[in-house]
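Biologist: I am new to this structure and would like a close look at a single part, the aromatic ring pairs. Please begin with the setting in which they lie, and take it slowly.

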Amino acid sequence: MLRTAILGVGHHVPSKVVTNDDLAKMFETSDEWIQQRTGIKERRFIDHVPCGPSDLAVPAVRMACERAKIEVSEIDAIIFATLSPDYTFPGSGVLLGDKLGLPGIPALDIRNQCSGFLYGLQVADAWIRAGMYKRVCLVGGEVHSTGLDFTNEGRDVAVLFGDGAAATILGPTEDANRCVMDVQVHADGSGAQLLWIESPASCQMPRITHEMIDNRSVWPSMNGPKVFRWATSKMPEVAQAVLERNGVTVADIALLVPHQANRRINEFVAQKLEIPPEKVIHNIEKYGNTTAASIPLALSEAIGEGRVKEGDLVLFAAFGAGFTWGAGLVRL
Ligand code: ACO
């Protein structure tokens, strides 16, 4: 039976480091508040413009191809997960295909925020198992820094996010001991307004007005405590469901790679699943929340640091705007 293998993972973050103290110069916050509530010490912001997620993705894809030992030209489909696409349209996937020199290769954008990588993984897995494509490039990439409200009104969100991209190369295998075992994703749009950017909006006439800028609805807004409660409920629930339906226990897991939204959320999730701290990846202190990029970025670093090796069982879990959430189980 055809299955999907993760052949290579790569990542790229911009070189500009922005510390909590740097943010404290722009609005009222402190390194202590940010670290205590989120675990974040610094994040990366793009250092020049124009620079979109498709630009950050190019070196990430090249690194993933090198690790997969394939040429970029072998990629036969692109899936690009992002909440901060380079432009409203066209999508970042087509821009990436052009920057990689891959004319004619299909490119699909996925708009499922922090769960975007897992949604993309499920689609890639289905494509490959159906025999449609042989080298799918799944990217998560974000440029958040150009869209954050760096004032006291926006400080709850502005401290959380960072820029970055990560890519995985996926291909067919018949080896059931080295494959994507399962991905389960969910959505509940009743929480849409608890974490969103309200404007500009195609449901408004006209879609953009000066008033939208004046009333600050062009910036991301979040009900942090509610998002926190949803995330700490849904992430362990879906992770447990994926473990159970595949007949594995947490003892079989080499590493939990959770979406990096908040260190406290991930510590809570690990505790609820009874996964010991040494089996949980945290890199939020260096990068903040890189949304669709965060799971593959953490996986890429874990592989580079030798924290996981071929044959290890890895559990992914994510929760984000939408609301969307999901979990995945992969044997590397
Ligand atoms: N610096 C200092 N004080 C701040 C800041 C800041 N950056 N932001 C908010 N505060 C203040 C608030 O104004 C509030 O003050 P008040 O008590 O005088 O009203 C106080 O700190 C506490 O605010 P809360 O929002 O209740 O703080 P909380 O302890 O919940 O922490 C946080 C906030 C870190 C945002 C938390 O709610 C959280 O992590 N939520 C989840 C974030 C998340 O996971 N997002 C989803 C992923 S993103 C995506 O999918 C796109």
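Modeller: Accessible areas here come from the Shrake-Rupley method with a 1.4 Å probe, and on that basis the accessible surface of the chain comes to about 14,300 Å², with 51% of it belonging to carbon and sulfur atoms. Please keep in mind that this is a predicted model. The chain holds eleven helices and 13 strands, and its C-alpha atoms fill a box of roughly 55 × 45 × 35 Å along the principal axes. For 332 residues a compact globule would have a radius of gyration near 20 Å, and the 19 Å found for the chain agrees with that. Of the 332 residues, 54% are buried, and among the contacts with a separation of 6 or more, 79% are between residues 24 or more positions apart.

Now to the rings themselves. A pair of aromatic rings is described by the distance of the centres and the angle of the planes. A search of the whole structure finds eight aromatic pairs, and one of them is formed by Phe117 and Phe316, whose centres are 5.9 Å apart and whose planes stand at 85°, an edge-to-face arrangement. Phe117 belongs to helix α5, which covers residues 116-129, while Phe316 belongs to strand β12, which covers residues 313-320, so this pair ties together parts that lie 199 residues apart in sequence. Phe117 and Phe316 are both buried.

A second pair is made by Trp230 and Phe319, and because their planes meet at 35°, with the ring centres 6.3 Å apart, the pair is tilted; the tilted class takes in angles that are neither under 30 degrees nor over 60. Here too distant parts of the chain are linked, since Trp230 sits in helix α8, residues 224-245, and Phe319 in strand β12, with their positions 89 residues apart. The two partners can be set side by side by their accessibility: Trp230, at 24% relative accessibility, counts as partly exposed, whereas Phe319, with a relative accessible area of 4%, is buried. The cut-off that decides this is 20%, as a residue is called buried under that value.

Trp230 and Phe319 also belong to a wider group, for ring pairs link them with Phe323 and Trp325 into a cluster. Strand β12 therefore appears in both of the pairs described, through Phe316 in one and Phe319 in the other.

Methods
Residues numbered from 1 in each chain as written. Predicted model: local features only at pLDDT ≥ 70, side-chain atom pairs only at ≥ 80, totals over all residues. Heavy atoms only, no water. Helix = DSSP H or I, 4+ residues; strand = E, 2+ residues; numbered from the N terminus. Rg over C-alpha atoms; globule rule 2.2 N^0.38 Å. Buried < 20%, exposed > 50% of the residue type's maximum accessible area, 1.4 Å probe, protein only. Contact = heavy atoms within 4.5 Å. Phe/Tyr/Trp six-rings, centres within 6.5 Å; stacked < 30°, edge-to-face > 60°.
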